[in-house]
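Please work through the following exercises with the sequence and the coordinates at hand, and attempt each task before reading its solution.

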Amino acid sequence: MDFKEPPTLCDTAIQCLLHHEPLAIQALQEIPGELFVPLFTAALKGRHEKILSAMVKSWPFFCLHVGPLSMQEAQPTLWKVMVESLFPAENPAFRSPKLRILDLTQHPGCKTKCPVITTTCKPCVRSCAYSERSLMKVQSQCSNSSSESEGQSPKTTMELLVSLSLDRSFRENEYFALLLSKVEQSLGSLHLCCRDLRIKNLSECRSALSHLDLKCVSHLAVVKASLISVLSLLEQAVNLDSLSLSKITCRSFNGRAFRNFLSQLSCKDHLKELSLSSFCLTDHLEHVLRVLPADLDFLQLPFCELSYSDFKFLSQCPQANHLKLLDISNNSICWEDCEPFYCLLENLSGTLQHLAINHCLLTDATLSILAPALSRCSHLRLFSFSSNPITMPMLRRILEYLTPMTQLKYVIYPIPVHCYERWHGRCSLDPQKLGAVNAQLKIMLQEAEREDMRWITYTG
Ligand SMILES: [Zn+2]
Ligand SMILES: [Zn+2]
């Protein structure tokens with residue numbers, strides 16, 4: 001079997017192996033290493049659990065990343081199979097495993113295995129750089145001392161990279177229980193490295209958190225908690241790229257909790273994405289944004305009850321000057337003076353790719369002022385402005401502004417007010433009128449030769 005043969009032959013060989021599981025498992029001892037990645041990909045796709053298990057046990061490379069292989073449906077079962085296969089008992093049927101990093105996170109930025117680079121001391125792009133139990137730290141500790149402590153030898157230390165979602169039911173979560181039992185079984189040589197952590201109902205997940213090193217977390221999302229309880233997480237999660245807080249209660253902007261929150265945020269030097277949702281910040285956005293690093297990529301502030309002065313600050317602060325994504329949906333933007341919002345769009349014209357301003361009470365008058373600035377956002381790919389009370393002539397005008405924007409592929413538009421008997425409360429939508437609106441938009445897109453641009457709306 002030669003890897004240099006045409007791919008079709010390689011595919012045929014792999015399919016043949018997959019149809020004979022015992023043969024495939026036996027063949028893992030002899031097949032060339034180059035065949036492991038395509039065989040693993042095919043086994044994952046075909047959900048061949050036994051082969052996957054055997055492959056993890058005999059993986060001939062340093063790392064294995066499943067991120068590039070999208071497997072939404074079968075994930076829980078297959079991830080379990082792979083985790084169960086870690087630390088097999090000594091078995092001559094398997095070639096001695098070289099696997100040190102099993103990465104079960106959905107990170108699309110790396111290949112199934114990292115190429116071997118001898119010039120750098122970091123053999124895997126995703127290896128943990130923060131925890132005391134990480135492979136790199138253990139390696140450097142052992143090279144500094146002559147003796148290797150039990151369970152802390154670089155030859156046996158492994159990293160298991162995971163994304164975790166903790167809620168009330170985590171105790172019944174078999175996957176989480178399996179992860180903990182593997183950590184226990186490893187006697188200290190398995191580092192459970194959680195990169196993406198979602199917590200719902202924080203107060204009930206405290207015990208689960210004690211098993212994790214929050215220094216490893218790069219993406220943290222917390223839903224439903226008091227600000228004071230979030231602080232202890234932020235204190236430990238010092239390496240965040242992305243923070244999402246939703247339904248967080250804060251008693252007072254003058255209290256110690258809010259001041260500590262700001263001081264925790266000011267330490268997040270790598271933060272690129274911030275999402276605060278259902279977090280009432282009226283007239284206080286300035287305090288939050290000021291402490292963040294300049295040039296955030298993503299800023300999401302839905303349901304934050306933003307005021308005119310919040311928008312004014314947003315249009316002036318360096319933190320929101322290079323955004324790629326801005327979501328300010330569900331904030332009322334019904335002021336006569338739209339200049340701050342206009343300036344904000346002008347500032348973002350060179351970077352903005354995704355803009356969401358749904359449910360903002362935007363009227364024809366406001367949109368006609370904003371449209372010229374919007375049309376200068378030449379990198380915009382998605383524009384969502386559903387559920388705003390605008391008329392059909394305005395919708396047509398907006399379409400005319402947007403069709404020359406060649407990068408823009410998705411527009412989520414509001415149903416014009418004439419389609420409803422009463423717009424407030426969205427009562428009695430007339431499907432015929434909506435059908436006529438869709439037909440008109442379609443003709444306009446054809447005339448502008450922009451059939452590649454999708455215009456969709458929500459009727460719910
Ligand atoms: Zn790697
Ligand atoms: Zn780690």
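Two exercises on metal sites follow, each with a worked solution.

This is a predicted model, in which local features need pLDDT of at least 70 and side-chain atom pairs count only at pLDDT 80 or more, while totals for chains, interfaces and linings use all residues. Residues are numbered from 1 along each chain as its sequence is written, chains are lettered from A and ligands numbered from 1 in the order in which they are written, and side-chain values use heavy atoms, with hydrogens and water left out.

**Exercise 1.** Identify the protein donors of the zinc ion (ligand 1) and state their arrangement.

Step 1. Donors are N, O and S atoms within 2.8 Å of the metal (3.2 Å for Na, K and Ca), and sites may look incomplete because water is not among the atoms.

Step 2. For the zinc ion (ligand 1), the search returns C63 (SG), H65 (NE2), C114 (SG) and C124 (SG), at 2.1 to 2.3 Å.

Step 3. The four donor atoms subtend angles of 103 to 116° at this zinc ion (ligand 1), so the arrangement is tetrahedral, a label that requires four donors with all angles between 85 and 135 degrees.

Step 4. Along the chain, these donors of ligand 1 have the spacing C-x1-H-x48-C-x9-C.

**Exercise 2.** Which protein donors hold the zinc ion (ligand 2), and is H191 buried or exposed?

Step 1. The donors of the zinc ion (ligand 2) are C128 (SG), H191 (NE2), C193 (SG) and C216 (SG), lying 2.1 to 2.3 Å away.

Step 2. Their angles of 105 to 112° make the arrangement around ligand 2 tetrahedral.

Step 3. H191 has a relative accessible area of 3% and is therefore buried, the term meaning under 20% relative accessible area (exposed is over 50%, partly exposed in between; 1.4 Å probe, protein chains only).

Definitions and conventions. Four donors count as tetrahedral if all angles lie between 85 and 135 degrees; four count as square planar and six as octahedral if opposite donors are over 155 degrees apart and all others between 65 and 115; anything else is irregular.
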